[in-house]
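The following note is offered to a colleague who is meeting this structure for the first time. It takes up one helix and then a few backbone angles.

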Amino acid sequence: MLSTSAVPSYSQVPTPTPRPVIERKVRELAKSDVENDISRRNDYAVKRYGKKSLGLKDEEILEIYDNEYTKLAEAKKNNLWEQLKPGTGWSVAIVLFFVLIFKDTLTEWVGSFFKAVGNQIYSKLSGIPLLRGVALKRYREELKEKYEKLKISFRPNKPLKLKDIYVPLKVTGTNDNELIDAFQAITKHRRLMVKGSPGSGKTMLLKHIALCYADGRWSSVFNKFPCIPILLELHRLSSSEKTLQEHLEDAFDRDGFPNAKHFVSESLDKGRLLLLFDGLDEVKSDWRERVVNEIKNLLDKYLKCPVIITCRTAVYRDEFHEVVEKTLEVAEFNDQQIREFLVPWKLDMPADKSVEQLIQTLHDRPRIMALARNPLMLTIIAYLYADTPVVLPHSRAEFYRKATDVLLEQWHQERNQFQGRDKKLILQHLALFFQDSANQQGQDRRSVDCRTVESEVKKILPDLNLPDCTRSILPEIVERNGLLLAIDAGERYQFAHLTLQEFFAASQLRENADGLISRFKADPDAWRETLKLWCGIAGDSTNLIREVRTLDPVVAFECLADVQKVDSTLADEIINSFKSQLGANNSEDIVNHAFASVAADERRRTDVFTFLKETLENTSETDARRKAAVNALEHPNKVSKSTGGVSLML
């Protein structure tokens, strides 16, 4: 009997695996390989799962595996915790982890550490010849940082670039008519004494010299002058037992060149240091003789070494007459210098204002133009014009009133501890005291010692309902308002400009004409300008001018240029009385000056100018009178357009 059981056939095709299953298995293989750090096995994936599912090609298996492997491998790479597992360099991984998190902080710390170490090494070795170039490079960098910007006390947020704002000064030589450019004088004379009034630009000159060296302009400005400038403020020598040479070493140290002892000694001996000694007047009075002798001894020892010494004119006593080659006086700004000084302010001016407009405004206000010839006063004028809505007035008294109100009250009022009104009353009190102290102060009648000033401030504080705040209100006036200066190493105080002192004194005496007259009688020179400014403040100056006329007719004539109100009959009488004196012997200078001042005042310009013009054009007049008319019309304080096209050539 035949068996009917089936016999298996090996030629039968196996049942195919569904496609989703194969895809899953391929992905699981990729995952297993990534987790076990097995390198990519594309060929193995194809060999193992190829042809097990209908419609799934080898290329597709390869793509599925490769994509899954890449995705999982990237995810594992970005998983920091995976990198911290034992056996994977976990200690290094932890360090790398914290470096990644605190990268910026660590970079800054490491940089600061190495910088500090470098500075320590530099400070110890900077004096050796091998590092001389590095030391001088740092010195130049420090000087540039120090002097590049000119900070203004009442304009701290808008410093100006010194090289832009600075105008090379003109100085007068032995002949009063001789004007020399300051830079030319420096290259021509190796030892100079430079005098000047407060705010005339003496310190700015020395800072600009240092900046020229720092920013690489040395050879172009000071051709063939192979020296390294070192600026030393002489007030540092007050109450110091150090030698002058040690102070020079300290100056280098402050400006990035420590341990410069050998360099200073060698450079002095070879004449390679340009010594810039600033502010002899800043030295304490009881140390001044010692400081002068130290400077003389140093210059005598190092004969090749050039030097420039500065001092206020009022307190210079010709101490260095036999040491310097020439003593120069800083001259007032001319019109071109005023223009050059104002150009850098252009960027801060609103759209409806310009430098040209300000120049024209000053020419239309010759009394203000006269003030603008001092750099300090020009700075105040530029600030008022560029940064405030103030319209520059024609009279000096009105200008000072507006300027001081702005500086005392409007400037950062929210940051001031004290009211502008209180500070103004203190300044008025001090100004009158300074003026009354003229006889005791001699030529330097402008400054008073700090203890006396503090005592005077204490006297007035109760009247202002203020506690004893002397030690805080004086610094605010000095540091924030710029109207009072601490000088002589803080030993004395003075007003920023003499005319500011005279204005505040006039304001203090506004209701006391008799007190002003009595002071003028006692010391006409000290009170002349104060008297004229008083006429610009008072309501009616008729009685005062009438009395002044009996004491000094010329001063009464000059008062007409500032007066706010005066009887017209009296004014005409005074003007007419001087018409006959124009060109007379022994009166030319003062009368010309008076005529020029009154002609410059817009209220009386017509009458006086017409007289001067007619005198000039009248060929029957004497040459002396016609020349005097020319001099009056050409006076620096005249209105620039006042000649009206009339030829001034005789």
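**Notes on a helix and three positive phi angles**

1. The model is predicted. One place to begin is Asn259, which lies in the loop joining α12 (244-254) to α13 (261-270). Its phi is near 55°, a positive value in a residue other than glycine. Asn259 has a relative accessible area of 44%; since buried means under 20% and exposed over 50%, this residue is therefore partly exposed.

2. A second asparagine, Asn465, is found in the loop between α22 (450-460) and α23 (470-481). Phi of Asn465 is likewise positive, near 55°, and the residue is not a glycine. With a relative accessible area of 71%, Asn465 is exposed, because the cut-off for that class is over 50%.

3. Helix α1 comprises 17 residues, 19-35. At 1.5 Å a residue the helix should span 24 Å, and its end C-alpha atoms lie 25 Å apart, so the two values agree.

4. Which residues of α1 are buried? They are Ile22, Glu23, Val26, Leu29, Ala30, Asp33 and Val34. These residues cover an arc of only 135° around the axis, and therefore they sit on the same side of α1. An α-helix has 3.6 residues a turn, so residues three or four places apart point the same way.

5. On the other side of α1, Pro20 and Glu35 are exposed.

6. Just after α1, Asp37 adopts a positive phi of about 55°.

Terms used. Residues numbered from 1 in each chain as written. Predicted model: local features only at pLDDT ≥ 70, side-chain atom pairs only at ≥ 80, totals over all residues. Heavy atoms only, no water. Helix = DSSP H or I, 4+ residues; strand = E, 2+ residues; numbered from the N terminus. Expected span 1.5 Å × (residues − 1). Buried < 20%, exposed > 50% of the residue type's maximum accessible area, 1.4 Å probe, protein only. Arc of directions from axis to C-beta.
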